[in-house]
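I set out to record what I looked up in this model, entry by entry. The structure is shown first, and my notes follow.

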Amino acid sequence: MSEVSELAAWSDFGRREPDLSGRVLARFAAHRHAVLATLRADGSPRLSGLEAPIRDGHLWLAMMPYSRKAADLRRDPRFSLHSSLDDEDVLAGDARLDGRAMAASEAEVAVFVAGHRMAIEDPATMALFTAGLERVVLTRVLGGELLIESWTPSGGRSEARRS
């Protein structure tokens, strides 16, 4: 069994790296849907679209309670969430969040429901997870170079450039 990396809530990341978290948040806020990667029972990847709002200090993963992606996360909480691209030049960036999903507590469900853009009459109609972040990556083209900014809870922020 692999060792679990240090995890951070979105609020922790935002407090430690306000500039990078602001740019990553902008990438996810630019489109309503993102692409979630989970692991199937056989270990192969499953890609699914979903809304993944970032608010109230959390990255929220909400889905139908009996969906395949919910079953994947209950069995193996590892995930990767990818923002949508605006254009092929990747000027604004391409963001990815890697982490582990945790079933939301009753109190967290209440916070999510209170702030959701649509009325949720029965929270039992969804599976709701909060995300513990293991890695945040923002990749963009800057001055003819590929700039890869990343952050982990234990290693902090780093940057690499490729020409």
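**Entry 1: a strand pair**

I looked up the pairing of strand β8 (residues 145-152) and found that strand β9 (residues 156-162) runs antiparallel to it, with 7 bridges between the two. I note that the model is a predicted one. For Leu147, I found Arg161 of β9 as the bridge partner. The connection from β8 to β9 is a hairpin of 3 residues.

**Entry 2: helix α2**

I checked the span of α2 (residues 18-29): its 12 residues reach 16 Å from first C-alpha to last, close to the expected 16 Å. I then listed its buried residues, which are Leu20, Ser21, Val24, Arg27 and Phe28. Seen down the axis of α2, these buried residues lie within an arc of 120°, so they line one face of the helix. In general, a turn of an α-helix takes 3.6 residues, so positions three or four apart point the same way. On the face of α2 turned away from the buried side I found the exposed residues Pro18, Asp19 and Ala29.

**Entry 3: the nonpolar cores**

Which members of the largest nonpolar core touch the most other members? In this core of 28 residues, I found them to be Val24, Leu59, Leu61, Met63, Phe79, Leu81 and Leu97. The elements that contribute two or more residues to this core include α1 (10-16), α2, β1 (33-39), β4 (58-63) and β6 (94-103). The largest share, 6 residues, comes from β7.

I followed Leu59 further, leaving aside residues up to four places away in sequence; its contacts include Trp10, Ile54, Phe79, Leu81, Leu97, Phe129 and Leu133. I also found a second, separate core of 7 residues, with Trp60, Val109, Phe112 and Leu128 among them.

**Entry 4: helix α3**

I looked up burial in α3 and obtained Lys69, Ala70, Asp72 and Leu73 as its buried residues. They cover an arc of only 160° around the axis and therefore sit on the same side of α3. The elements that cover these buried residues include β1, β2 (45-51), β4, β5, β6 and β7.

**Entry 5: a backbone angle**

I noted a phi near 55° for Asp56, a positive value in a residue other than glycine. Most residues other than glycine have a negative phi. I located Asp56 in the loop between β3 (54-55) and β4. Is Asp56 buried or partly exposed? I recorded Asp56 as partly exposed because its relative accessibility is 48%, and the partly exposed class lies between under 20% for buried and over 50% for exposed.

Terms used:
Residues are numbered from 1 along each chain as its sequence is written. This is a predicted model: local features need pLDDT of at least 70, side-chain atom pairs count only at pLDDT 80 or more; totals for chains, interfaces and linings use all residues. Side-chain values use heavy atoms; hydrogens and water are left out. Two strands pair if DSSP finds at least two bridges between them. Helices (H or I, at least four residues) and strands (E, at least two) are DSSP runs, numbered from the N terminus. The expected span of a helix is 1.5 Å times one less than its number of residues. Buried means under 20% relative accessible area, exposed over 50%, partly exposed in between (1.4 Å probe, protein chains only). The arc is that of the directions from the helix axis to the C-beta atoms. A nonpolar core is a set of buried Ala, Val, Leu, Ile, Met, Phe, Trp, Tyr and Cys residues joined through side-chain atoms within 4.5 Å. Contact means heavy atoms within 4.5 Å.
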